[in-house]
Amino acid sequence: MTRTLLAVLAAEAGRPVQVDTLVARLWGDRPPERPRHAVHVYVARVRASLSRSAVVRRSDGYVFDVPQPSVDVHRFQQLVAAGELDAALSLPRGIPLEDLTGSWVERMRVTWERRRLDAAITWARHETATGDPHRVISRFGDLLDQHPLAEPLAASLMLALHAVGRRAEALHVFAQTRQRLRDELGAEPGAVLRSAHLRLLKPG
């Protein structure tokens, strides 16, 4: 729970998080008998692991008192906002909040993964149109393995493959993604994937 507390505070780095909010994010609807006391205990443990000045008391809450860019999720968001998508996607990454559990953790994991996918798709469109599609192919192979049902991701990879003359591989990506959608969701490809497929079928 100490690591989850640190994750909650780091996600709001530089901003105060009220104790009641910490209780809700740590335990959801199943708090311990003395939740506020438990929060204070875990804050003490974080301070012992880092330093007392790292977590500062503010009114009825606590602040993880570090510059936001020192926390990867904030650095990523700042780079995306500045249009530096390549740099954002090059940040070290793994599974967000790996080994942590809880409803807040699950929500954040999904949210942060979605933001990364959105940034990757935007970057891929630009790179395929004006840069080097080979870079998209190199990066997106692994991404699609991790998110096999992400249709915009598959579409971006298809168009990058097509741009470098690898049409057969692009068609294979479409067929594979369509089969996965049918098998796992009972659904047909959506508009984005269908549009990419039609572009592959056009002559020239």
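In this predicted model, Asp60 has a relative accessibility of 25% and so counts as partly exposed, the range for that class starting where buried, under 20%, ends. Asp60 is a convenient place to start, as its side chain meets that of Arg36 in a salt bridge, with 2.5 Å from N to O. Arg36 belongs to helix H3, while Asp60 sits in the loop between strand E2 (55-58) and strand E3 (61-64), so the pair ties together parts that are 24 residues apart in sequence. Arg36 is itself partly exposed, at a relative accessible area of 33%.

Arg36 has another partner to consider. Its side chain also meets that of Asp20 in a salt bridge, at 2.9 Å from N to O. Here helix H3 (residues 35-49), which holds Arg36, is linked to helix H2 (residues 19-27), which holds Asp20, and the two residues are 16 apart along the chain. Side chains of opposite charge can pair when their charged atoms come close. A salt bridge is also formed by the side chains of Asp86 and Arg135, with an N to O distance of 2.8 Å. This pair connects helix H5, home of Asp86, with helix H7, home of Arg135, across 49 residues. Both ends are partly exposed: Asp86 has 27% relative accessibility, and Arg135 has a relative accessible area of 32%. Returning to Arg36, salt bridges with shared partners join Asp20, Arg36, Arg57 and Asp60 into one network. In total, the structure holds 12 salt bridges.

Attention turns next to the nonpolar interior. The largest nonpolar core contains 32 residues, and those with the most contacts inside it are Trp123, Phe140, Leu153, Leu157, Met158, Val173 and Leu193. At least two residues of this core come from each of helices H4 (72-81), H5 (85-89), H6 (103-130), H7 (133-146), H8 (151-163), H9 (167-185) and H10 (191-201). Helix H8 gives the largest share, 7 residues. Met158 offers a closer view of the packing: leaving aside neighbours within four places in sequence, Met158 is in contact with Ala170, Val173, Phe174, Leu193, Ala196, His197 and Leu200. A second core, separate from this one, has 30 residues, including Val19, Val39, Phe64 and Trp104.

The model also contains pockets. The largest has a volume of about 440 Å³. It is lined by 19 residues, of which Asp72, Val73, Pro92, Pro96 and Trp112 are the closest to its centre. Helix H1 (2-11), H4 and H6 are the elements that give two or more residues to this lining. By character, the lining of the largest pocket divides into 12 nonpolar, 2 polar and 5 charged residues.

The second largest pocket encloses about 230 Å³ of space. Among its 14 lining residues, Arg125, Ala155, Ser156, Leu159 and Arg199 are the closest to the centre. Two or more lining residues come from each of H6, H8 and H10, with H8 supplying the largest share, 6 residues. The lining of the second largest pocket comprises 8 nonpolar, 4 polar and 2 charged residues. Helix H8 thus appears again here, having also given the largest share of the largest nonpolar core.

One residue of helix H6 completes the account. Ser103 lies in this helix and is partly exposed, with a relative accessible area of 42%. Between the C-alpha atoms of Ser103 and Leu85, 18 residues apart along the chain, the separation is 29 Å.

Notes:
Residues are numbered from 1 along each chain as its sequence is written. This is a predicted model: local features need pLDDT of at least 70, side-chain atom pairs count only at pLDDT 80 or more; totals for chains, interfaces and linings use all residues. Side-chain values use heavy atoms; hydrogens and water are left out. A nonpolar core is a set of buried Ala, Val, Leu, Ile, Met, Phe, Trp, Tyr and Cys residues joined through side-chain atoms within 4.5 Å. Buried means under 20% relative accessible area, exposed over 50%, partly exposed in between (1.4 Å probe, protein chains only). Helices (H or I, at least four residues) and strands (E, at least two) are DSSP runs, numbered from the N terminus. Contact means heavy atoms within 4.5 Å. On a 1 Å grid over the protein atoms alone, a cavity is a set of points where a 1.4 Å probe fits but cannot get out, and a pocket is an open set with protein on both sides within 12 Å along at least five of seven lines; lining residues have an atom within 4 Å of a point. Grid points are joined across faces, edges and corners, and a volume is the space filled by probe spheres set on the points. Ala, Val, Leu, Ile, Met, Phe, Trp, Tyr, Cys and Pro count as nonpolar, Asp, Glu, Lys and Arg as charged, and the others, Gly among them, as polar. A salt bridge is a side-chain nitrogen of Lys or Arg within 4 Å of a carboxyl oxygen of Asp or Glu.
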